[in-house]
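Here are my notes on the model you sent over. Have the structure open while you read, and shout if anything looks off.

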Amino acid sequence: WQAANDPALSHYNVYAATGSTVAPTQRFLVGSPTEPSFTDWGLKAGTVYQYAVTVVDRRGNESSPAIARAITPPAPEPVLLSLAFAAAETTGEFERKEGAATYGSAYLVLRKPEENTVAWRVDIPRTGTYYLWLRYLHRGDGNRGGEARQNLRVRLGDETVLETLGGGHTDLHVPDSFLAPDHPLAARLWTWAWPGSANLQGVVLPAGTHTLTLDRLAANIRYDALVLTDEPSWVPPDGRLRQR
């Protein structure tokens with residue numbers, strides 16, 4: 001705003017509020033700059049803000065406010081890419097089997113762990129930090145047993161972007177019969193390995209079309225889907241989070 005050129009003046013007061021009403025009271029005060037400008041930050045996307053600016057003299061007398069209105073741009077829609085293992089290009093020997101509540105037409109189980117990859121062509125709409133959620137399920141006899149150990153690696157093109165995905169740490173061993181379409185537990189058994197071991201871990205991915213590859217898959221594990229999202233608050237709506 002235009003400066004008030006008066007030696008008796010001390011500073012400006014800037015007030016802000018969401019909605020349609022703002023008043024020059026302590027409740028709405030966001031800053032008292034000595035220069036005729038102020039940067040407000042930490043604002044919510046897609047929100048209307050009302051601002052009031054006053055000038056204060058050295059005795060503390062305050063002028064009538066000048067009112068301004070601003071609208072922050074809306075937040076972009078979160079990116080949510082679901083990649084089904086059944087639709088991936090694979091190397092190595094995999095078993096493909098149908099089951100209930102899968103993201104794709106089937107899930108994959110690695111037969112020989114020596115050499116294996118699954119790969120997708122993915123279109124990443126914008127550069128940003130992404131979180132990778134792995135949906136899997138240990139094959140077993142229905143009893144609780146040892147932990148499912150896995151140490152998947154993620155590559156984007158020729159670059160390794162995540163050295164370890166999945167970890168393991170689930171002792172729920174599920175027989176094939178539990179994944180029958182009419183089984184009441186089928187939709188609840190799939191496990192999601194959340195990104196990181198303690199805190200949510202993201203990886204920076206560039207915009208564009210890329211080949212995303214997973215290798216070092218574990219034997220005796222059903223692999224169903226990989227979800228990429230740039231929304232850190234997203235949590236899978238189904239299944240179980242990995243036991244730690």
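1. A word on labels before we start: strands here are DSSP runs of E, at least two residues long, numbered from the N terminus. With that in hand, Leu-185 is easy to place: look in the loop between strand E13 (173–174) and strand E14 (191–193). Keep in mind that this is a predicted model.

2. Staying with Leu-185 for a moment: is this residue buried, partly exposed or exposed? Leu-185 comes out as partly exposed, because its relative accessible area is 30% and the buried class stops under 20%. Its C-alpha atom is separated by 26 Å from that of Leu-81, and the two residues are 104 apart along the chain.

3. Pro-195 sits one loop further on, between E14 and strand E15 (203–205). With a relative accessible area of 5%, Pro-195 is buried. Leu-132 is 63 residues away from Pro-195 in sequence, yet their C-alpha atoms are 5.8 Å apart. Leaving out residues up to four places away in sequence, Pro-195 touches Tyr-131, Leu-132, Trp-133, Leu-200 and Gln-201.

4. Now the sheet. Five strands form an open sheet with antiparallel pairing, in the order E6-E9-E16-E11-E12. Strand E6 (89–91) and strand E12 (159–165) are the edges, each pairing on one side only. On average, neighbouring strands are turned by 25° against each other, ignoring direction. For the pair E9 (residues 117–124) and E16 (residues 208–215), the antiparallel match runs over eight bridges, and Ile-124 stands opposite Gly-208 in E16.

5. Which residues have the most contacts inside the largest nonpolar core? They are Phe-85, Trp-120, Leu-214 and Leu-226, in a core of 33 residues. Leu-226 is worth clicking on: beyond its neighbours within four places in sequence, its contacts include Leu-81, Phe-85, Trp-120, Leu-132, Trp-133, Leu-165 and Leu-214. There is also a second, separate core of eight residues, with Leu-137, Leu-172, Val-174 and Trp-190 among them.

6. On to charges: the count of salt bridges is twelve. One of them joins Asp-230 to Arg-126, with the closest N and O atoms 3.0 Å apart. Asp-230 is in the loop between strand E17 (221–229) and strand E18 (240–241), and Arg-126 is in the loop between E9 and strand E10 (128–139), so this pair ties together parts 104 residues apart in sequence. Asp-230 counts as buried at 17% relative accessibility, whereas Arg-126 is partly exposed at 28%.

7. Asp-238 and Arg-135 make another salt bridge, at 3.6 Å from N to O. This one links the loop between E17 and E18, home of Asp-238, to strand E10, home of Arg-135, across 103 residues. Arg-135 is buried, at 1% relative accessibility, while Asp-238 is partly exposed at 22%.

8. Last one: Arg-139 pairs with Asp-176, the closest N and O atoms being 3.3 Å apart. Arg-139 belongs to strand E10 and Asp-176 to the loop between E13 and E14, 37 residues apart. Arg-139 counts as buried at 18%, and Asp-176 is partly exposed at 26%. Both also belong to a network of salt bridges that links Glu-95, Lys-97, Arg-139, Asp-176 and Arg-222.

Note on methods: Residues numbered from 1 in each chain as written. Predicted model: local features only at pLDDT ≥ 70, side-chain atom pairs only at ≥ 80, totals over all residues. Heavy atoms only, no water. Pairing = 2+ DSSP bridges. Helix = DSSP H or I, 4+ residues; strand = E, 2+ residues; numbered from the N terminus. Axes fitted to C-alpha atoms, helices over the stretch in contact; angles between N-to-C directions. Core = buried A, V, L, I, M, F, W, Y, C linked by side-chain atoms within 4.5 Å. Buried < 20%, exposed > 50% of the residue type's maximum accessible area, 1.4 Å probe, protein only. Contact = heavy atoms within 4.5 Å. Salt bridge = Lys/Arg side-chain N within 4 Å of Asp/Glu carboxyl O.
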